[in-house]
Structure formats: C-alpha cells, structure tokens
Amino acid sequence: MASITKSLMITDLVSSEKMEQLPSQYIRPLSQRPNLQDVSHDSIPLIDLHDLHGPNRSHVVHEIGRACSEYGFFQVKNHGVPDSTIANMMQIARDFFSLPEEERLKTYSDDPSKTTRLSTSFNIRTEKVASWRDYLRIHCYPVQDHINDWPTKPESFRDHVAEYCRSARGLSLQLIEAISESLGLEGDYISKQLGKHAQHMALNYYPPCPQPDLTYGLPGHKDLSLITVLLQDEVPGLQVLKNGKWVAVDPVPNTFIVNIADQMQVLSNDKYKSVLHRVVVNSQKERVSVPTFYCPSPDAVIGPAPALVTDEEPAVYRQFTYAEYYKKFWNIELANEDCLDAFKASASS
Ligand code: OGA
Ligand code: NI
C-alpha cells in the first residue's frame, strides 16, 4: 500500500492514490474553515493602464490611488505584457509541475533563506496545519544573478521565465511610479527607497482537493513585498478581505491582479494597507498562479516617507532593513501574527 507520508509534495500524494478524504494534517479546526457559502462576488476595480503614458495620466493615477486606499487590490488591463509572454509563463508553470517527481525535487528545500526552492504548503517549519499548495519560489532580479540556480527542466524554463520576469518588472516599476505619485510623492520616490531593488516570484500549484471546505490553498495572509503582481489561470480561488467580508476575485483573462503589500503600507505610513487575502481550492480542477513579489533589496532601509509624517499623523513604523523584515516574516506563524506589528514605532521606544 502506498504510504501517504512518503510524498513530500501534494502533487505526488494525489497522483499516487485515489484519495477521498483529506489527510488530517490539512484539516482546519471548525472555526477556521473557509465557509464558502459566505463569500461575495463583488468585483475589485479594473484599471485600464492604456492612458498611463498620455495626457490622461493624472486620471489613471487618481484611479490607482483610490483603488489602493479603498481596496488595496485591483486588476489591470492594457498593461503592456505580451499575451505570448503570459501564455508561455503559464504553460511552463504547468509543465514544471508535470515533471517526474525526482526531476522536480532537485530544488526541494524547506529552508526559506534558499533563493531557489521547491516546497509545499506555506512554511512547514512554523505552521501547525498544512495548506493544499505546492510551489516553486525563485529570485529573479537581477536575472543574471539567479538564472543559473533555476531549474533546467522543462527545456525552455529559463528562457520563458526570464522573459516573463523582465516584463513583470517593467509593469511593476510603472505601477510603483504611479502609486508614488498618487501619494503626492515624487514619481521616483518609492523606487529610490528600494536600494538595488529585488524581485521574487512563485509558481503556485493547487491540485484538486478531496474536501475543499476543510482547508485552504493558502490561509489568510498579507504579502511581505512592496507590491505583488499576480497572474492567475481561469480557475477561481483567490479571495480578498473587504470590510470584514471575503470577496472572490474571479479571473479575467489577460489581466493582472495587483496588491499592496507590507513594505508599501510602511512607506505610505498606513495610507495604503497591505490586505489580507487567501486561496481556496476545489475538488474538480487544478489551479496555477504566478505572483511576482516586487521588493527592496535586503540592505534597503524602509520606513515611513517623511513627507507623509506630520504632527497629526506621526510615523507608525520604525526604520528597518528589508533583510530584518524578511527574516522575521519567515519565522512567524502566519495564522497567529501580523509581521507589521513587530515594526511599529511604539514597539521600539
Ligand atoms: C501568494 C498568493 C494568490 C494566488 O502566493 O502570496 O497570495 O492566487 N497567491 O495564488
Ligand atoms: Ni499572497
């Protein structure tokens, strides 16, 4: 009989047997389950970036600013990333997770400090309940510093992923400039706070799940980056917390989903909030998503922008290096702690 504990990855666990019940390590306590009937399908704003470089720029910047303060999440179209680049990225992600186990596991590690690693769930070193996700995490800027650590299979992995990363970076920089302006800062202010800049990416794979109402693909969390630019396939799963209620972000082909993450909350001195989001799974279809986490380089010193600190609105956070934040994030248990709390100005005095 196949022993379920032999598989490191869910991908191999589900392919090795016909599973009808969720293994116990994935089952959430009753009070923490997704409650799928109680999710709304209101949409998040969809912003057309076509006019970002024309005479109507200020209108688009204003819309972005409103989406950042009201939702912390929005979708973008006419973003300039070619359809073929997107299609190749999605195909390579699917092909990667279809590789034989021994090939895929070449980069396996549960050590979050590894810059290229295949893993499962969220952080198996700190969590008590596992999540129904396998993922490959890579660092991708500057590309030439990391590309030799990336998988060599499927054949075109490095070419397609490098091309995608360059496009995703271009889009991220445009968004960061617009967000900076929307805060009343110089367009290049935020970019200048990021040191040499960094870009990480995940290939997320959520296999079909035998009992999706008992578990998550990813439990509610905030991203530790500056902003996240997410590419998702046509299978729903992502949900965002808005006014205390979970809202499903149903896929719109060839759009990206952008969210404010922790470093933007700090730089904006709480004007823009890093938003809780989660992923639910389903029993029918696998789901693939590819988030780009745009972030500061480890040495960058992050803190509230002085222009956004006043007597009435004093600095909410102290200064810290991104390396310090990164380390803390991967050492907490996601479900119980908000990493931002450890960097409050009041916590250090
Ligand atoms: C993440 C994330 C969303 C998704 O990887 O941090 O929130 O749809 N992913 O997979
Ligand atoms: Ni996330």
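## Surroundings of ligand 1

In this predicted model, the residues around ligand 1 are Ala202, Asn204, Leu218, Asp223, Leu230, Gln232, Gly237, Leu238, His277, Val279, Ser289 and Pro291. Two or more residues of this shell come from each of the strands β5 (198-206), β7 (227-232), β11 (277-279) and β12 (287-295). Sorted by class, the shell around ligand 1 consists of six nonpolar residues, five polar residues and one charged residue.

## The nonpolar core

The largest nonpolar core contains 86 residues, and those that make the most contacts inside it are Ile64, Met89, Ala93, Ile179, Ile227 and Val258. Helix α6 (residues 157-182) supplies the largest share of this core, with nine residues.

Ile179 can be followed further: when its neighbours within four places in sequence are left aside, Ile179 is in contact with Ile64, Cys68 and Ile190.

## Helix α3

Helix α3 runs over residues 83-97, and because each of its 15 residues is taken at 1.5 Å, the helix should span 21 Å, which agrees with the 22 Å between its end C-alpha atoms.

Within α3, the buried residues are Ile86, Met89, Met90, Ile92, Ala93, Phe96 and Phe97. Seen down the helix axis, the buried residues of α3 fall within an arc of 160°, and therefore they line one face of the helix. Asp83, Ser84 and Ala87, on the other side of α3, are exposed. The elements that cover the buried residues of α3 include α1 (10-16), β4 (134-141), α6, β5, β7 and β12.

Terms used. Residues are numbered from 1 along each chain as its sequence is written. Chains are lettered from A and ligands numbered from 1 in the order in which they are written. This is a predicted model: local features need pLDDT of at least 70, side-chain atom pairs count only at pLDDT 80 or more; totals for chains, interfaces and linings use all residues. A nonpolar core is a set of buried Ala, Val, Leu, Ile, Met, Phe, Trp, Tyr and Cys residues joined through C-beta atoms within 7 Å. A residue is buried if 20 or more other C-beta atoms lie within 10 Å of its own, exposed if 12 or fewer, and partly exposed in between; C-beta atoms are placed from the backbone. Helices (H or I, at least four residues) and strands (E, at least two) are DSSP runs, numbered from the N terminus. Two residues are in contact if their C-beta atoms, placed from the backbone, lie within 7 Å. A residue is near a molecule or strand if its C-beta atom, placed from the backbone, lies within 6 Å of it. Ala, Val, Leu, Ile, Met, Phe, Trp, Tyr, Cys and Pro count as nonpolar, Asp, Glu, Lys and Arg as charged, and the others, Gly among them, as polar. The expected span of a helix is 1.5 Å times one less than its number of residues. The arc is that of the directions from the helix axis to the C-beta atoms.
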